[in-house]
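The exercises below are meant to be worked through with the sequence and the coordinates side by side. Each one sets a task and then goes through a solution step by step.

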Amino acid sequence: MTTRKAILIADDSEIDREILCELFREDFDIIEAENGFEAISKAVESDEKGVLAAVILDIAMPIISGLAVLEELREVAQRLPVILMTAESTPDNIKQGHELGMADFIVKPFRGYGVKQRVHNLIDLYEKKNNVKILEHENEVMQEEAMDFEEFSNTMIEMLGTIIEYRGIESGLHVKRIRMYTQILLECIAKNYADYNLDNDTIKTICSASAVHDIGKIAIPDNILLKPERLTPLEFEVIKSHTVKGCEILKCLDKLKNKAFLKYCYEICRHHHERWDGNGYPDRLQGDAIPISAQVVAVADVYDALTTKNVYRQGFTHEKAVNMILSGECGSFSPKMLSCLKIIEDKYKIIATNYADK
């Protein structure tokens, strides 16, 4: 059974939304948004589900404008048509829209049939373009004499990381958030603490490796991993073993070429629960004996755990979560990590909001 595709309609005018909904309701599911912030959230969610066919954005919306939304959805706009609407078109708006990747521009008031036909044509055009890209990629793969195992390893690790998040308590968005939190914190550390020697390639590699931080949970029994009540001390010891079990799983990738990538995978998987004062696990490492890759992912993982809902409690606010980390309520972290967290905490808040679990 083919999944029915959806069109996102974002406009603060209820009347305009209703008109557009009636135009497309017969052929598509309709997703409505009243402001720019809601539009970003719903677009990301539906695109990840693979149901999004097109996005129609009013430029003049509260909280975040349509142009700002389009900038956030640049990646989506490369694959799907994003159409802007406005009652007052200006050359600057049109120019900026094209630069940000819009597929078309509709001026209000509009004729229903014309809009419907244009959107249908754009959806067909993008589907054909995407199909051509898929065929070209398949041909390139068939003609390759050897597989790029570095590329393969990155893709495989991300896939495994996402699988474990879907199997466990957290959602698949957890992996994506951890990667973004890791990148932002690493960039701040690189800027302020040159002694860590974090160049762009290293940051990129660590961010990719962050996806495997909880891969060892694959080896944890369901009755413990998915238990809705609080764990017993013995059960918690089993959960803690995911750090070691994850490294055992990673051994199957030892023959891949990217040794730096594998090194960071091991470090993060084994040591992201270590703490600065030596009271973490599994090896009770202390201070900078903890690899910088694991230190950064540890901060990202704790922040994400605090700000998301679980079976025991609702998530804390951003402000509360940051204060808990800074005050040592969640274990001790490097003073350098905490100093950088203070600098970039607003960026963390944006990610936590825009990529929140639904």
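**Exercise 1. The start and end of helix 2**

Task: In this predicted model, determine which residue caps the N-terminal end of helix 2, and then describe the helix from its span to the residue just after it.

Solution. Step one is the cap: Asn35 takes this role at the N-terminal end of helix 2, with a side-chain oxygen 3.1 Å from the backbone nitrogen of Phe37.

Step two is the span: helix 2 covers residues 36-48, which makes 13 residues, and the distance from its first C-alpha to its last is 18 Å, close to the 18 Å expected at 1.5 Å a residue.

Step three is the other end, where Gly50, just after helix 2, takes a positive phi of about 80°.

Step four asks what surrounds the helix. The buried residues of helix 2 are Gly36, Ala39, Ile40, Ser41, Ala43, Val44, Ser46 and Asp47, and the elements that cover them include strand 1 (6-10), strand 2 (29-33), strand 3 (52-58), helix 3 (66-72) and helix 4 (74-79).

**Exercise 2. A loop residue beside the cap**

Task: Locate Ile63, decide whether Ile63 is buried or exposed, and find which residues Ile63 touches beyond its sequence neighbours.

Solution. Ile63 belongs to the loop between strand 3 and helix 3. Its relative accessible area is 67%, and because exposed means over 50%, Ile63 counts as exposed. When residues up to four places away in sequence are not counted, Ile63 touches Asn35 and Phe37, the two residues that also take part in the N-terminal cap of helix 2. The C-alpha atoms of Ile63 and Gly36 are separated by 6.0 Å, although these residues are 27 residues apart along the chain.

**Exercise 3. The nonpolar cores**

Task: Identify which members of the largest nonpolar core touch the most other members, and state which helix gives the largest share of this core.

Solution. The largest nonpolar core holds 76 residues, and Leu57, Ile189 and Tyr348 touch the most other members. Helix 14 (residues 292-307) supplies the largest share of this core, namely nine residues. Apart from this core lies another one, of 19 residues, including Ile9, Ala53, Met85 and Tyr126.

To see the surroundings of one of these members, take Leu57: residues up to four places away in sequence set aside, Leu57 touches Ala10, Ala39, Gly66, Val69, Leu70, Val82, Ile83, Leu84 and Met85. Ala39 in this list is also one of the buried residues of helix 2.

**Exercise 4. Aromatic pairs**

Task: Compare the geometry of the pair Tyr181 and Tyr348 with that of the pair Phe236 and Tyr281, and state which parts of the chain each pair ties together.

Solution. A search of the whole structure finds four aromatic pairs. In the pair formed by Tyr181 and Tyr348, the centres are 4.5 Å apart with 40° between the planes, and the pair is tilted. Tyr181 lies in helix 8 (residues 173-192) and Tyr348 in helix 16 (residues 335-354), so this pair ties together parts that are 167 residues apart in sequence. Both Tyr181 and Tyr348 are buried, and ring pairs link Tyr181, Tyr303 and Tyr348 into a cluster.

The pair of Phe236 and Tyr281 is edge-to-face, with 6.4 Å centre to centre and 80° between the planes. Phe236 lies in helix 11 (residues 233-240) and Tyr281 in the loop between helix 13 (259-271) and helix 14, so the parts tied together are 45 residues apart in sequence. Phe236 is partly exposed at a relative accessible area of 40%, whereas Tyr281, at 15%, counts as buried. Over the ring of Tyr281 sits the charged end of Lys240, 5.0 Å from the ring centre.

**Exercise 5. The setting of helix 9**

Task: Starting from Thr205, work out how far helix 9 is enclosed by the rest of the structure.

Solution. Thr205 lies in helix 9 (residues 200-209) and has a relative accessible area of 19%; since buried means under 20%, Thr205 counts as buried. Its contacts, neighbours within four places in sequence left aside, are Ala260, Phe261 and Tyr264.

Extending the view to the whole helix, Thr202, Ile203, Thr205, Ile206, Cys207, Ser208 and Ala209 are buried. Because seven of the ten residues of helix 9 are buried, this helix is largely enclosed by the rest of the structure. At its N-terminal end, Asp199 acts as the cap, with a side-chain oxygen 3.3 Å from the backbone nitrogen of Asp201.

Technical notes:
Residues are numbered from 1 along each chain as its sequence is written. This is a predicted model: local features need pLDDT of at least 70, side-chain atom pairs count only at pLDDT 80 or more; totals for chains, interfaces and linings use all residues. Side-chain values use heavy atoms; hydrogens and water are left out. A nonpolar core is a set of buried Ala, Val, Leu, Ile, Met, Phe, Trp, Tyr and Cys residues joined through side-chain atoms within 4.5 Å. Buried means under 20% relative accessible area, exposed over 50%, partly exposed in between (1.4 Å probe, protein chains only). Helices (H or I, at least four residues) and strands (E, at least two) are DSSP runs, numbered from the N terminus. Contact means heavy atoms within 4.5 Å. The expected span of a helix is 1.5 Å times one less than its number of residues. A polar contact is a pair of N or O atoms within 3.5 Å; within protein, one must be able to donate a hydrogen and the other to accept it, and residues adjacent in sequence count only if both atoms are side-chain atoms. Rings of Phe, Tyr and Trp (its six-membered ring) pair if their centres lie within 6.5 Å; planes under 30 degrees apart count as stacked, over 60 as edge-to-face and the rest as tilted. A charge sits over a ring if NZ of Lys or CZ of Arg is within 6 Å of the ring centre and within 35 degrees of the ring normal.
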